[in-house]
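Open your viewer and get ready to pick out residues by number. This short tour goes one selection at a time.

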Amino acid sequence: KSQNRKKMNKINYDLEMQKIIGGFAADEKPSLLLHSCCAPCSTAVVERLIENFTVTVFYFNPNITESEEYNLRLNEQKRYLKETYGDAVNLIEGRYKASEFFFVANGLTKEPEGGKRCEKCFELRLYETAKVAKEGGYRYFCTTLTVSPHKNADVINEIGKVAGEKYGVEFLPCDFKKRGGYQRSCELSQKNELYRQNYCGCIYSKYAHIKADDEE
């Protein structure tokens with residue numbers, strides 16, 4: 001298994017994405033459903049994709065434990081897209097049931113951040129994105145998750161590929177932190193005065209952040 005992971009780590013997913021885009025016709029802008037975890041992460045990602053795709057943002061994040069936090073992030077996502085792109089980028093709001101996350105996280109509560117619990121969370125969100133993309137007739141789907149330096153792009157891309165194969169829609173390989181993507185997301189977040197959360201969303205990531213602060 002470790003050998004397979006090493007092979008997987010050699011893939012440059014940003015370069016793979018660029019190769020796919022390079023194969024488009026000059027006037028071609030295929031439809032893409034972009035799973036977004038939050039407005040700050042979507043900034044640099046939508047900016048990068050909008051030239052080559054007709055982008056629709058899909059906000060599906062049952063991992064966010066507290067409804068107040070969920071709605072705050074959702075409203076910031078809506079505000080950013082409206083103020084920046086008007087009607088050029090649509091938003092689909094997925095269902096919100098935190099119980100869905102707790103179901104997949106069952107038995108994994110003591111996992112560290114970035115471990116098996118996070119992988120199950122990625123699966124939950126990406127499988128739903130693939131399903132909605134197929135139902136909506138989108139050619140591609142992908143996620144903003146890889147813009148974060150705290151997320152494993154190899155794991156996310158592997159899950160996205162399997163999800164795409166299951167539902168019959170193409171996952172766009174991506175590593176949006178490449179080419180200064182994360183830094184650009186910070187710049188755009190500051191410029192647009194976006195609420196920028198300091199933890200991923202679930203109660204476990206929140207506690208991990210609090211613990212890390214206490215230890216400093």
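The stops below visit pairs of charged side chains and then a helix.

**Before you start**

What you have on screen is a predicted model. It holds 18 salt bridges, and we will visit a few of them.

**Stop 1: helix H4**

Select residues 67-85 to light up helix H4, then show the side chains of Arg79 and Glu83. These two side chains meet in a salt bridge, with N and O 3.2 Å apart. Along the helix, Arg79 and Glu83 are four residues apart, about one turn. Why does that spacing suit a pair? An α-helix has 3.6 residues a turn, so residues three or four places apart point the same way.

Now switch on the surface. Is Glu83 buried or exposed? Glu83 counts as exposed because its relative accessibility is 54%, over the 50% cut-off. Arg79, at 26%, counts as partly exposed.

**Stop 2: helix H6**

Next, select residues 116-136, which make up helix H6, and find Lys131 and Glu135. Which residue forms a salt bridge with Lys131? Its partner is Glu135, and the closest N and O atoms are 3.0 Å apart. Lys131 and Glu135 are separated by about one helical turn, because they sit four residues apart in H6. Glu135 is exposed, at 57% relative accessibility, while Lys131 is partly exposed, at 31%.

**Stop 3: Asp175 and Lys177**

Move on to Asp175 and Lys177, whose side chains meet in a salt bridge of 2.9 Å, N to O. With a relative accessible area of 9%, Asp175 is buried, since that is under the 20% cut-off. Lys177, at 22%, counts as partly exposed.

**Stop 4: a network**

Select Asp14, Arg48 and Arg179 together. These three residues are linked in a network of salt bridges. Keep Arg48 highlighted, as this residue is also one of the buried residues of helix H3.

**Stop 5: helix H3**

Finally, select residues 39-49, helix H3. How many of its eleven residues are buried? Ten are, so the helix is largely enclosed by the rest of the structure. Among them are Ala39, Pro40, Cys41, Val45, Val46 and Leu49.

To see what covers these buried residues, colour the surrounding elements one by one. The cover includes helix H2 (13-22), strand S1 (31-36) and strand S2 (54-59). Add H4, which you met at the first stop, strand S4 (140-143) and helix H8 (181-191), which are also part of the cover.

Note on methods. Residues are numbered from 1 along each chain as its sequence is written. This is a predicted model: local features need pLDDT of at least 70, side-chain atom pairs count only at pLDDT 80 or more; totals for chains, interfaces and linings use all residues. Side-chain values use heavy atoms; hydrogens and water are left out. A salt bridge is a side-chain nitrogen of Lys or Arg within 4 Å of a carboxyl oxygen of Asp or Glu. Helices (H or I, at least four residues) and strands (E, at least two) are DSSP runs, numbered from the N terminus. Buried means under 20% relative accessible area, exposed over 50%, partly exposed in between (1.4 Å probe, protein chains only). Contact means heavy atoms within 4.5 Å.
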